[in-house]
Amino acid sequence: MGRLGIRRTRLFITVVLMALFTLLITATTNAQTTADIIAKKVSKLQAKATKTKGIIELDSLAFDDVLAKPRNYSMVVLFTAISPEFQCVPCKNFDPEYRLVAAGWSRIPDKSQIFFGILDFKAGQSVFQKFNMNSAPSLLYFPASDSPESSPSFDRYDFGKSGFQAESFANWVNARSGLKIDVQRPFDFLAFSLKIMGFAGTVGLAHFLYTRGGKVIRSKYLWAAVSLFSIFIFISGHMWNQIRHPPYSMPSRDGRPGFIAPGFQNQFGLETQIVAITYAVLCGGAISLMSSIPRIESPSKQRLAVIIWMGVITVMYSVLILFFRAKNPSYPFRLLF
Amino acid sequence: MSTESSSTVARVLKPTILILIAIVAISSRLFSIIRFESVIHEFDPWFNYRTTQHLVKNGFYDFWNWFDEKSWYPLGRVVGGTVYPGIMVTSALIHNVLHFFNFPVDIRNVCVFLAPMFSGLTAFSAYLLTKELKDSSAGLLAAAFLGVAPGYISRSVAGSYDNEGIAIFLLVFTFYLWIKAVKTGSAFFGLLTALFYFYMVSAWGGYVFITNLVPLHAFTLLLMGRYSNRLYVSYSTFCAVGTLLSMQIPFVGFQPTRTSEHMAALGVFGLLQLYAFAELVRGYIPPKQFRTLLRGGVVAVAVIASFGLTILSFSGVIAPFTGRFYSLYDTGYAKIHIPIIASVSEHQPTAWTSFFFDLQMLIFLFPAGVYLCFKELKDEHVFIILYSVFASYFAGVMVRLMLTLTPVVCVSAAIAYSTLLDTYLETSEHVLASTKPAIAAAATSAPTVIEATTSDSKATGKKTAAKAAAAAAAAAAAKSTDAEAKAHAKSAASSEKKRFPIFNLDSRLLVILQLTWFLFMFAWHCTYVTSGSYSSPSIVLASRQQDGSQMIIDDFREAYYWLRKNTKEDAKVMSWWDYGYQMAGMANVTTLVDNNTWNNTHIATVGKAMSTSEEVSYKVLRHHDVDYVLILFGGVIGYSGDDINKFLWMIRIAEGVYPNDVKETNFFTPRGEYKVDHDATKTMRESLMYKMSYYRFAELYGSGNAVDHVRNARMPAEGPTLSVLEEAYTTENWLVRIYKVKDLDILGRDLKDSTAFDKGRVRKVSSLKKK
Amino acid sequence: MRASILLSTLAMALVAQATSLTGLRTLVLLDTLDDVLIYTELWSDLEGRHFNLTLNDVSTPVSLTKYDRRLYDHLIFLAPNMKEYPKGMNAKEVIGFMAEGGNVILAGSSELANPLRELSREFDVEFDNRYTSVLDHFNYDKELGQAKHDTIVVNPSSHMSKIDAIVPQDKLPGPILFRGIGHSVNPKNSLLTPILWAPQEAYSWESVNLDESADQDPLIAGKDISLVSVMQARNNARIAFLGSTDMLSDAFFSAPAKKQGDKETVNGNRKFIEELTKWTFQEKSALDVVAVQHHMVGEEEAPAHYRIKDNMTYTISLAEYHEGEWHPFSADDVQLELIMLDPYVRKTLEQLELNDQSTVGTFTTTLQLPDQYGVFKFMVNYKRPGLTYIESVTTVGIHPFRHDQYPRFISQAKPYYTSAASMGVGLLIFSFVYLWGGLDSSVKTTKKA
């Protein structure tokens, strides 16, 4: 029993001592090295940021250097492909918004907590591969990490959900970094002047209508035109376009004409317009058959008009059905072709 | 032909044709029964059916106060206060009447055949409505169109026992009464309108369409300076009585006084009163003072009204628009804010193909009809115009609102069509053109008439309809050879420039025959669409095999029957909300969530249980006393509507409430794809839904070439393992899979260990020693 | 090989009344049948309590269950050297046997072999390495433990759990002699309860060839060494783990306990084992829910469902089993919970006072239901160490008001009533005046002018 006790205590003490010692040494050394490394990096970054309105252009090397751990600042990196040959439209759209946020942050004197970097595809292909990104723009947030061996933890900004607005992006960053970045859009004189003119225009129009435009408002032909137009637009699936934002048309491939979208529940902008026009022609034909033909005095002219209009209606209707068959191949009916 | 003979012919023909149309309308909705069987269709109908059974069994008051303990466990659902009781009460009434006369009809058959029966009535009310707008021949055409238009059939085939089945009839009939009231200005018709409006409110949430359209009509008439005592009387009666009545439905309650959807009605009501008062005052004071008085009054009223409204809406007395309704205006709204609404398929926007699919030739005759309404712009035509524009907007935003568009399309298309026929059949202009045309008219009309009158029984589906329609037109035309035609001609002559008859017989023939041909095509189209697309009760699936023979997939009922027979009667079954109604109706088990999506949190909880790892979701399952979990899995037969495809919605809805437990992004691969095969994310592979779907799936194929036929993905050779659930039942085609939730281990081990032990694993030296 | 079949039948003939709640068929597994003679006292005790024992050695094939029915009610492992289970038996079988409600006593020794170790691991009980035993250089017994200090004297008052439901302290005449292997229990497993543990100075050590293993620490020491511990499974099947087969032997039953330093006393082994077996074999501390009643205040039978804010009475009557018959159970900590996802009400039930002919303990309370409709669970969840778990759930729906249960005329609405009435009256008067009152056209014209 006693023997056991002694042995245990001795062991314990030695262990503790060693532990303390090693701890001491490592701590001191670490402190010196990492601390000033970080300090250097931060100052460098700050210098860069101040020069370029808060934006730090990165390439593969700079990226690794900036994101090397440990670091006491967090980093937002925009992976983009701004150069024209990629024709990345969203990249172009989002770029100013991003710069807006960065600028908003760079107004603050001490901007050492967070930095905004841009990595263009041309500059940093290797990084793109490393994060196996095949879509631009994408936006990553790297939080500050004091521990060198922690896994590469980052957070991805979801454009689909949060949208391309600078404000929402700023909120996203604030939520993660706990900072407060406010977006101040530069005053847009064009939009303002446009608003002014629009307002004036409406006022003028209202006044005109109030004074002598009464006839215009009360003319039922105007209203008929308006409502018929809207009806045509609606029944040709315009609201679908409003909500789903399909492409206007697509380059034709495998023989199918490009303006018809594949799939029954899918459509292109051009396609709907064609359909709307077809409807309009057919409807117009019907109207003229019932109201304008009986006004023709000479029998022969009348017969000609009837034949023409009937032909137009039949052809257009067959075209419409053809269209529909293109969307729904199993549709069995046809008129002319 | 002489006056009285033709009129007697017409007097005989009209009812006959109407009856024929009704028969056609009903019989064309019976495809589903002929194909499958007399069964209640997809989802909501099962709830209506269940409640109807309850109503029939326990009487009205018990139904009225029914607290359903078997749904939304453990919250329960106050059924009486959260349903539109119209359809249940209707069918219960029919059932009781039949039984009173000793016709022992099963309530199920009443429910199955309710919608077709009402479609006949709908056709009739379409006739009445159009008769008010043009004449009886157009009415007959409208009836025929509406009787067979796929856009309406889609929701009213035999077995789809849903509110819309009767609501469309009520919609059309209410509008008819309203127009009648406006025309006659009689309080009686206003009252009738209110009564049927009440019926509509009790039947369908779509009554909001009426509450907004009728006031809009009145308002427009005011703007057009068409204020009249007729309008005042009819609208005041309708609005006062109708609002009061509608508040008697518990589900509606005080909404008419509070929510913005109903404000239009009240506002226009107030406006009318003011206007009437002004009119009254005008009669007593000189115009000059009156003008100043009017100005002041208008300004004052406007200020007060706007002020009051803002205060009320800010203080929350007037609720903002409800989500579903709001998503009609701001079309992007639902997608972002209310996934539960956006997830419903019938809330998607409408592509042009759907319009054509549902209305074929009517879709382009419809604007022509609207144009004609503009030409003779009476009050009722104004109504039709408004109806057309707004209905087509709403139909464009939501697929299910094609239903409200279809009637007006049929009506105005009928107007256009019959105008065409009139033009090309009419014989007697003021210039008595040679009798050839008359003969021509007779020639064209007579055969069709004969056909129509004789060919009701033998002909299938719509052919009769088309012929009936043609016959109707022809008959009308034949009749219109005198008085009416004269009147018409006179009005035309007086209203516009000089009109001539169609001189040549050949051009008449060309047009008439062509139009008749269009009618036939329309009929064929309707038959094709109805039989092909709209007649499958989605609880029984039919698929074609390679040899072309039809295979009936009946897995749903198989699974529900298993549940009904093999679980204790108070078993709680968790599933995604789509199947709640069916489970309650067919399996008679307690469900956690169902298609009445009134409690988003509860649904999100289920979503969480489905989309988290076993450990997390086991807590949820235990907490809600879940005994079984039911999922749909189409990977074997390639049924695309299964739960893995709905999974993203579950995740989104769950994330809305439990953002810390569920994250949508974790279910997407770094490349932003939604994968289930080898490169599915860890979160995906650990989620309960994934495990339940693919549990033992690979064994089905063996040697690691399991292929999911929906997402055609090659699955890993070794499938997921389950420890907190055990497979209870899987249907023939693996379409439905039911899992039993295990109890806690009796020895207090966690279930992973106990399952491993049962599989024969021996625990190695545990860490207990090393202390 | 039925060793004492005759004895047991004799006992059965003598007394027909059962003492164990779950049955009397007991299977005893021994290393060899010669060991029968070691435990004769135990046999006689058990048979004195009407158990009919089947004494098997590990070589005889045996099956515990058939068609998911138990063939035995209790199982005693007295075979520490068992290298593998008898034919037709394995760990899964044993646990299945418990899942069917069978009770088990598992006695080990320092030779405890693998199968039983693995079995006990499933219960979160970890026996120390083979050939170790619990040593104590202070509390060893003078006679039995003289040589190796491996027979230790455990003082119940300080080293035994205070749970009277299992082994009541005051029943024990003296300290308990223990010679065998120690085990440690997983404190996270709430079903598991240590009954007897080693003194502070004890440690678990290889009992054979002490000296070679001189410089390695003991794996467990002091109070961490459990000597006897029990578990009541969630289905109320009970199992007891003993580190020593010797403490059941005749030798230990009879031997006096004598620590060095204090005087010789009679040991408590026999009594301890008796109480332990009584508990394990469900001869005592078994509770049962006799009846659950709930009804509205002032009514008798339970309604189909309640209404929010009803006043209702809940009554549950419990009975406790010991000495072969049911007695009223008495406690002051039985609670009722009204649960819908979360507990809405939690209330302690008070017990009606017992009189001499009362056979059950009746606990009752009266409460007002919450103002919340839904499907509620009336739950009595009474789980105390040593006692059968009580989890009585009654599911009742609480409904909202019916349409005709709201007040019909409320004072706030008086203005509306009056206005409506006045309107009606006004209409009558107006129409009367208009029809028969004397305002004719001439009056109108004058007014016009």
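Colleague: What makes up residues 304-324 of chain A, helix or strand?

Modeller: In this predicted model, residues 304-324 of chain A are 100% helix and 0% strand. The end C-alpha atoms of that span are 30 Å apart.

Colleague: Why is residues 304-324 of chain A called a "transmembrane region"?

Modeller: The name comes from UniProt, from an unreviewed entry, which gives it to residues 189-209, 221-240, 274-292 and 304-324 of chain A. Such annotations may be inferred rather than shown by experiment, so the label is the record's and is not derived from the coordinates. For another of these spans, residues 221-240, the model gives 90% helix and 0% strand, with the end C-alpha atoms 28 Å apart.

Colleague: How do you know that chain A and chain B are in contact, and how many residues does the contact take?

Modeller: The contact takes 60 residues from chain A and 60 residues from chain B. Each is counted because it has heavy atoms within 4.5 Å of the other chain. The two chains bury about 5,600 Å² between them, 70% of it on carbon and sulfur atoms. Of the area that chain A buries against chain B, 12% is supplied by A:Met290, A:Arg295 and A:Tyr317, more than any other three residues.

Colleague: Why is the pair A:Arg303 and B:Asp506 called a salt bridge?

Modeller: Their side chains meet at 2.7 Å, N to O. The rule asks for a side-chain nitrogen of Lys or Arg within 4 Å of a carboxyl oxygen of Asp or Glu, so the pair qualifies. Across the interface of chain A and chain B the rule finds one salt bridge. It also finds 17 residue pairs in polar contact there, both residues at pLDDT 80 or more.

Colleague: What makes up the side of chain A that touches chain B, by element?

Modeller: The elements giving two or more residues are helix H9 (220-235), helix H10 (238-244), helix H11 (269-292) and helix H12 (299-327) of chain A. H12(A) has the largest share, 14 residues. By class, that side has 36 nonpolar, 14 polar and 10 charged residues.

Colleague: Now chain B and chain C. How do you know how much area they bury between them?

Modeller: The two chains bury about 3,300 Å² between them, 60% of it on carbon and sulfur atoms. The value is the accessible area lost on putting the two parts together and is summed over both, so it belongs to the pair of chains. In residues, 31 of chain B are in contact with 41 of chain C.

Colleague: What makes B:Asp625 and C:Lys377 a salt bridge?

Modeller: The closest N and O atoms of B:Asp625 and C:Lys377 are 3.0 Å apart. The limit is 4 Å, so this Lys and Asp pair is counted. The rule finds two salt bridges across the interface of chain B and chain C. Residue pairs in polar contact number 10 there, both at pLDDT 80 or more. On chain B's side of this interface, helix H3 (44-64) and helix H33 (751-758) are the elements that give two or more residues. The residues of that side divide into 15 nonpolar, six polar and 10 charged.

Colleague: Why is part of chain C called "OST48 middle"?

Modeller: That is again a UniProt name from an unreviewed entry, a domain feature at residues 294-436 of chain C. In the model, residues 294-436 are 16% helix and 44% strand, and their end C-alpha atoms are 68 Å apart. The domain assignment of chain C has other bounds: domain 1 (20-280), domain 2 (286-399) and domain 3 (416-448).

How values were computed: Residues are numbered from 1 along each chain as its sequence is written. Chains are lettered from A and ligands numbered from 1 in the order in which they are written. Side-chain values use heavy atoms; hydrogens and water are left out. Buried area is the accessible area (1.4 Å probe) that two parts lose on being put together, summed over both. A polar contact is a pair of N or O atoms within 3.5 Å; within protein, one must be able to donate a hydrogen and the other to accept it, and residues adjacent in sequence count only if both atoms are side-chain atoms. Helices (H or I, at least four residues) and strands (E, at least two) are DSSP runs, numbered from the N terminus. Ala, Val, Leu, Ile, Met, Phe, Trp, Tyr, Cys and Pro count as nonpolar, Asp, Glu, Lys and Arg as charged, and the others, Gly among them, as polar. Domain bounds come from an automatic or database domain assignment.
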